[in-house]
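Subject: Structure for you to look at

Hello,

Here is the structure I promised to pass on. Please open it alongside this email, and my notes on what turned up follow below.

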Amino acid sequence: MTEKKKYHIRPARLDDAMAIFDLIQSHQDDLIPRPLGDIISNIDRFIVCESENVIAGCAAWKIIPEIGNPSKASVEVQSVAVNKEFRRRGIGSKLVRNTIENVRRFDPFQAMVLTFAPEFFSGLGFVEVPKTSVMHKLYMGCINCTKHANPFTCPEIAMVYDLRAKQ
Ligand SMILES: CC(C)(COP(=O)(O)OP(=O)(O)OC[C@H]1O[C@@H](n2cnc3c(N)ncnc32)[C@H](O)[C@@H]1OP(=O)(O)O)[C@@H](O)C(=O)NCCC(=O)NCCS
């Protein structure tokens, strides 16, 4: 029988940065790598799941502006990772839901993600969209990608979650 571990989700602190770095680094096929300095500079946009002093998961967000239309800015959900030992216990879902709740105060138009895990995000209410509908993300992020030269041939799936839909 597997032992049931306790865990809780909280805002990240600077002393979590190394563990976040290692977690992202250990998912190179699924996540865009992030330098430690980038994680530290954006630590206020990370949340973590902690279990008995171990960082079991993390997630982050970033605002992606739409040119000339502040109210059409999206929030990109980034760097969602759960340590293999802790998977399929609802931690990933809690991290994404918590991130979405954290950003509602800005009243963004939508949350978006580029992902290799579409089943996970569709379970949370995200729907697939053509990459042409998230050109602002392609110009802000994908243009600097070191893994794929062209976002339209990159296998990641673009998905969005309508933050202004009636709940
Ligand atoms: C995707 C990921 C974050 C999910 O974390 P998790 O804590 O296991 O997710 P949850 O337990 O909340 O899963 C919720 C549901 O999502 C679906 N799901 C989760 N992982 C899945 C997978 N690998 N394949 C298909 N469906 C999956 C399932 O429906 C699951 O519900 P169930 O366990 O009742 O069947 C984790 O597998 C991971 O870190 N993957 C590598 C990094 C990555 O791909 N991140 C997302 C890119 S932005």
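Let me start with one pair of residues: A111 has Y161 in β7 as its bridge partner. That pair belongs to the pairing of β5 with β7, which is antiparallel and runs over six bridges. Two strands count as paired here if DSSP finds at least two bridges between them. Strands (E, at least two residues) and helices (H or I, at least four) are DSSP runs, numbered from the N terminus.

Before going on, two notes on the source. This is a predicted model, in which local features need pLDDT of at least 70 and side-chain atom pairs count only at pLDDT 80 or more, while totals for chains, interfaces and linings use all residues. Residue numbers run from 1 along each chain as its sequence is written.

The sheet

The sheet is open and has seven strands, in the order β1-β2-β3-β4-β5-β7-β6, with mixed pairing. Its edge strands are β1 and β6 (127-128), each of which pairs on one side only.

At the β1 end, strand β1 (residues 8-11) is joined to β2 by four bridges, and the two run antiparallel. Within β2, the residue opposite R10 is V48. β2 also runs antiparallel to strand β3 (residues 54-64), through six bridges, and S51 faces V54 of β3. The hairpin of β2 and β3 has two residues between the strands, and E52 takes a positive phi there, near 45 degrees.

At the other edge, two bridges connect β6 with strand β7 (residues 157-162), again antiparallel. V127 stands opposite V160 of β7, and E128 is opposite M159 of β7.

Helices against the sheet

Which strands does α1 lie across? They are β2, β3 and β4, and the helix runs at about 85 degrees to β3. α3 lies across β1, β2, β3, β4, β5 and β7, at about 35 degrees to β3. For these angles, axes are lines fitted to C-alpha atoms, for helices over the stretch in contact, and angles run from 0 to 180 degrees between N-to-C directions. Contact means that the C-beta atoms of two residues, placed from the backbone, lie within 7 Å.

Helix α1 (residues 17-25) has A17, I20, L23 and I24 buried. A residue is buried if 20 or more other C-beta atoms lie within 10 Å of its own, exposed if 12 or fewer, and partly exposed in between, with C-beta atoms placed from the backbone. Down the axis of α1, the buried residues fall within an arc of 125 degrees, so they line one face of the helix; the arc is that of the directions from the helix axis to the C-beta atoms. The cover over these residues includes α2, β2, β3 and β4 (74-82).

A17 also appears among the contacts of I43, which touches A12, L14 and A17 once residues up to four places away in sequence are set aside. I43 sits in the loop between α2 (36-41) and β2 (46-51), and counts as partly exposed because it has 18 C-beta neighbours inside 10 Å.

The ligand

There are 20 residues around the ligand, and D30, R87, G92, S93 and E119 come nearest; a residue qualifies if its C-beta atom, placed from the backbone, lies within 6 Å of the molecule. At least two residues of the shell come from each of β4, α3 (91-103), β5 (110-115) and α4 (118-122). By type, the shell has nine nonpolar, six polar and five charged residues. Ala, Val, Leu, Ile, Met, Phe, Trp, Tyr, Cys and Pro count as nonpolar, Asp, Glu, Lys and Arg as charged, and the others, Gly among them, as polar.

Two more positive phi values

S79 is a non-glycine residue with a positive phi, near 50 degrees. S79 lies in strand β4 and is buried, with 25 other C-beta atoms within 10 Å. D107, also not a glycine, has a positive phi near 55 degrees. Is D107 buried or exposed? D107 is exposed, because it has 10 C-beta neighbours inside 10 Å. Its place is the loop between α3 and β5, where R104 is found too. R104 counts as exposed, with 12 C-beta neighbours inside 10 Å.

Happy to go through any of this with you.

Best wishes
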